[in-house]
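Colleague: Let's go through some labels on this model and ask what backs each one.

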Amino acid sequence: MRPDSGEISVDDTVRVGDATATFEFVLNAGLSVQTDDGTLQTLATSADGLRKAYRVSMQTPGRSLTLRYRGRPSFSGQRTHGGMPVGSVSEQGVYLDGGSAWFPLFDLPIDQVRMTVSLPAGWQAVGVGGRSQQDGQVTWVSDQPHDDLYLIANRFTGYHRSLGAIDLSIWLLEEDSVLAETYFGVMGDYIDHYSRLIGDYPYAKFAVVENPWQTGFGMPSFTLLGSRVMRLPFIPYTSLPHEILHNWWGNGVWVDYEKGNWSEGLTAYMADHWMQERQGKGRQYRLKALQRYSNFAADGEDVPLLQFVSRHNDASQSIGYSKSLMLFHMLRTAMGDGAFSAGLQRLWQQHRFSPIGFAAAIDSITGPDRELAAKARQWLERPDAPRLRLIDVQVEASGGAYQLALDIAQENAPPFAFDLPVAVSLSGEPSARLLQARIDQPRNRLVFDLPREPLRVDIDPEYDLLRYLDPTEQ
């Protein structure tokens, strides 16, 4: 690899399970490709000119194909978050993934990978899997399936620790042992926590890699964090657990984007929300999530969760993260912590290294509770959420007992069906009583028999329900 000229040179052997007479693949159009195994034919060029499709007709049917490809990869001028290019081989840094077709794409998962990288002096490379180094070359090996391959390179300084058989590493553009120790101080605890909760960590390493572009991504066995971002004091306690958890959700169990991206909401709930919940701030976090959702997804920009693919603005983020995490919170509340944890383990065991959509993720978590899974479908399929309005409150006393009646309207057509938390403060009792009431009509009359005089009513006081907030809650 030559970052100074933007060129790469690759010798690649692809192996398949059964002998085949033809191989068809897609490769970056900036790379010239050769093979001695058969006749190479160009089939098509993409409309943007960035990719070419090829067919190799083998001399004899075989189970392997060796390719040599050289040149300067062609990248679109598009930029992602933080101004990051979709691909780069330059002095600023190397970033290559399947989107740039820097390796032959066969439209099939990759069962195993072994990648040896040669770079200029002072450069280091990061890829998927475990790392070894010999004679100035670095090799990355993974026996786990992958749906993408990444190659990151720059003038890194590496720091290493061990967590049992897992290699922990930090790759920085400038030496900073204090920063590295800050990350090492928490990485192992997060990996241990999620391993106990879901299942064993699936990779040979976890690495934090400094990104010269100011954005972050979670890849299998490592994360990219922007230079300025990773030095913010709260990032090791907010973004880092989120990116570590993506090794289970998104990179371990893959997303079928045509059927809804569930991984961002579940990861946000189990990482971002969990970090706040363990500090006693779960209620505040859910309130802010509902505020974001109510502010940005209202006015016709709401969509069903089954249609969420990725974040591209505030409205899409409020759906794919805030709206989605609230659905997982409602599942946990309905199931209880023990059953919910068992559901997470079931999701991991049933679907690791395979793509699934939102409905399949919900079905795995709810498991044998098919009724709960069916109830969740409305939240997946509808482009809205409940809008509630308290119309009337009446209290009647009779022989020392009280009857509280609430009229609650649901401004949705058709109405949602759900259990609404209602907190009632009673005279002489230090804590409110938390009650549940079924809401399934445009107008619902809720009646509660109480032993003491009710003084105050709070509707969904802990923000446990996915809903649009009342203006007074904004």
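The exchange below takes one strand and one loop residue in turn.

Modeller: This is a predicted model: local features need pLDDT of at least 70, side-chain atom pairs count only at pLDDT 80 or more, and totals for chains, interfaces and linings use all residues. Residues are numbered from 1 along each chain as its sequence is written, and side-chain values use heavy atoms, with hydrogens and water left out.

Colleague: Why is strand E21 called largely enclosed by the rest of the structure?

Modeller: Buried means under 20% relative accessible area, exposed over 50%, partly exposed in between (1.4 Å probe, protein chains only). In E21, residues 418–426, 7 of the 9 residues are buried, so the strand is largely enclosed. Strands (E, at least two residues) and helices (H or I, at least four) are DSSP runs, numbered from the N terminus.

Colleague: How do you know that E21 pairs with E22?

Modeller: Pairing takes at least two bridges found by DSSP. E21 and E22 (residues 433–439) have 7, and they run antiparallel. Val422 has Leu435 as its bridge partner in E22. The two strands form a hairpin with 6 residues between them, and Gly428 in the turn has a positive phi of about 80 degrees.

Colleague: What makes E24 a partner of E21?

Modeller: There are 5 bridges, in the antiparallel sense, to E24 (residues 454–459). Leu426 has Pro454 as its bridge partner there.

Colleague: Why is Leu305 called buried?

Modeller: Its relative accessibility is 0%, so Leu305 counts as buried. Leu305 lies in the loop between helix H5 (282–296) and helix H6 (314–335).

Colleague: Which residues does Leu305 touch?

Modeller: Contact means heavy atoms within 4.5 Å. Not counting residues up to four places away in sequence, Leu305 touches Gly260, Ile319, Lys323, Ser324, Leu327, Phe358, Trp379 and Leu380.
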